[in-house]
Amino acid sequence: MKNLFATRWGIIGVGLVIGILAALLQKLGNPGNMGICVACFERDIAGGLGLHRAGVVQYIRPEIIGFVLGSLIAAYSFKEFKPRSGSAPVIRFALGMFAMIGALVFLGCPWRAVLRLAGGDGNAILGLLGLAFGIGIGVQFLKNGYNLGRSQATRSAAGWVLPLFMLGLLALILIYPQVDGQDKSGVLLYSLKGPGAMHAPLWIALFVGLGVGFLAQRSRFCTMGALRDLILFRQIHLLSGVVALLIAAFVANLVFGHFKPGFSGQPVAHTQHIWNFAGMALAGLAFALAGGCPGRQLFLAGEGDGDAAVFVLGMIVGAAFSHNFGLASSPSGIGPHGIAALVVGFVFCLFIGFSMRTSLKR
């Protein structure tokens, strides 16, 4: 049976739906230009679990739970749940950490960069240019034999680890809901102000996440893959979905009154252009070396990919490092140790890119 979601018009339709839903989530309470942001939401989850101490970004985001479980449902429904793992897991974990560090220097993942542009944030232009630059470097490594090795089929239980982790997070939200006026409810932490305190109603956010996860798994939606395929193969199939997301979110923002063009005063953003570019360049390089943007990694994990699950966990730990050690940016600018972290991240990614080439002779 043909997968209609993976056709040109199918992926355009998926992009349109995601763009509208992202704007709707913002209308219903999510932070400005952050209807959906995988990096920011995983950072909030790290805070909600107490892995970092930044009180303004602590909340277990149901959208992330929905992404994984929606992908799981789609994979099982169409017999695409294929547990596999074993492709350089330690490297993938580290790539996840540095991808998150770069994203939090910019303040957003590729999805949020597109949504920020759709909301009028000119700083997103620098982020998207940096993303393309980083992916472009990654493409050069791919052309020269870069490969993390092949994953191996494994038992079903291994493919269920991250989905079960997400189910556990959902259970914690239900058992320990936020109590008005308190920043802690049982074992979970909740922001009382800042982006972490801004969120759509739990069940709406969860159902949107489930829908996006289902559609993205079927369509193979991926922002990193869109730019990689454009640079490497001159193909625009995936890119058409990303452009559709941008257009849909832009129109929805106009309807909801969220479109505010400019560089300064944008929500959860800073105007240090060099570091907006560099942060997303590091993130883009890490995404390219790992084989997918943060959203795609969640969807792959939902269909049983243990290597993608390791990358996801690396991003969550990277968020904790970013806020515990002053690496993340804020609306006032880059963190005190953000520049050093970017340098270390680029050195690591370039080392991996050069050293993991199958064409090298031993």
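Modeller: Ala, Val, Leu, Ile, Met, Phe, Trp, Tyr, Cys and Pro count as nonpolar, Asp, Glu, Lys and Arg as charged, and the others, Gly among them, as polar. The model is predicted: local features need pLDDT of at least 70, side-chain atom pairs pLDDT 80 or more, while totals for chains, interfaces and linings use all residues. Numbering runs from 1 along each chain as its sequence is written, and side-chain values use heavy atoms, without hydrogens or water.

Colleague: How much space lies in the largest pocket?

Modeller: About 410 Å³. A pocket is an open set of 1 Å grid points where a 1.4 Å probe fits, with protein on both sides within 12 Å along at least five of seven lines; lining residues have an atom within 4 Å of a point.

Colleague: Which residues are closest to its centre?

Modeller: Arg 92, Asn 147, Leu 289, Ala 290 and Gly 291, out of 20 that line the largest pocket. Helix α12 gives the most to that lining, three residues (helices are DSSP H or I runs of at least four residues).

Colleague: How does that lining divide by class?

Modeller: Eight nonpolar, six polar and six charged.

Colleague: And what is the lining of the second largest pocket like, by class?

Modeller: It has 14 nonpolar residues, one polar and no charged. The space there is about 250 Å³. Val 114, Leu 128, Leu 227, Leu 239 and Val 242 are closest to its centre. Helix α6 supplies the largest share of the lining, five residues.

Colleague: New topic. Which residues of α3 meet α8?

Modeller: Ile 64, Ile 65, Val 68, Leu 69 and Leu 72, with contact meaning heavy atoms within 4.5 Å. Their partners in α8 include Met 166 and Ile 173. The residues of this contact are 12 nonpolar, no polar and no charged.

Key. Helices (H or I, at least four residues) and strands (E, at least two) are DSSP runs, numbered from the N terminus. Grid points are joined across faces, edges and corners, and a volume is the space filled by probe spheres set on the points.
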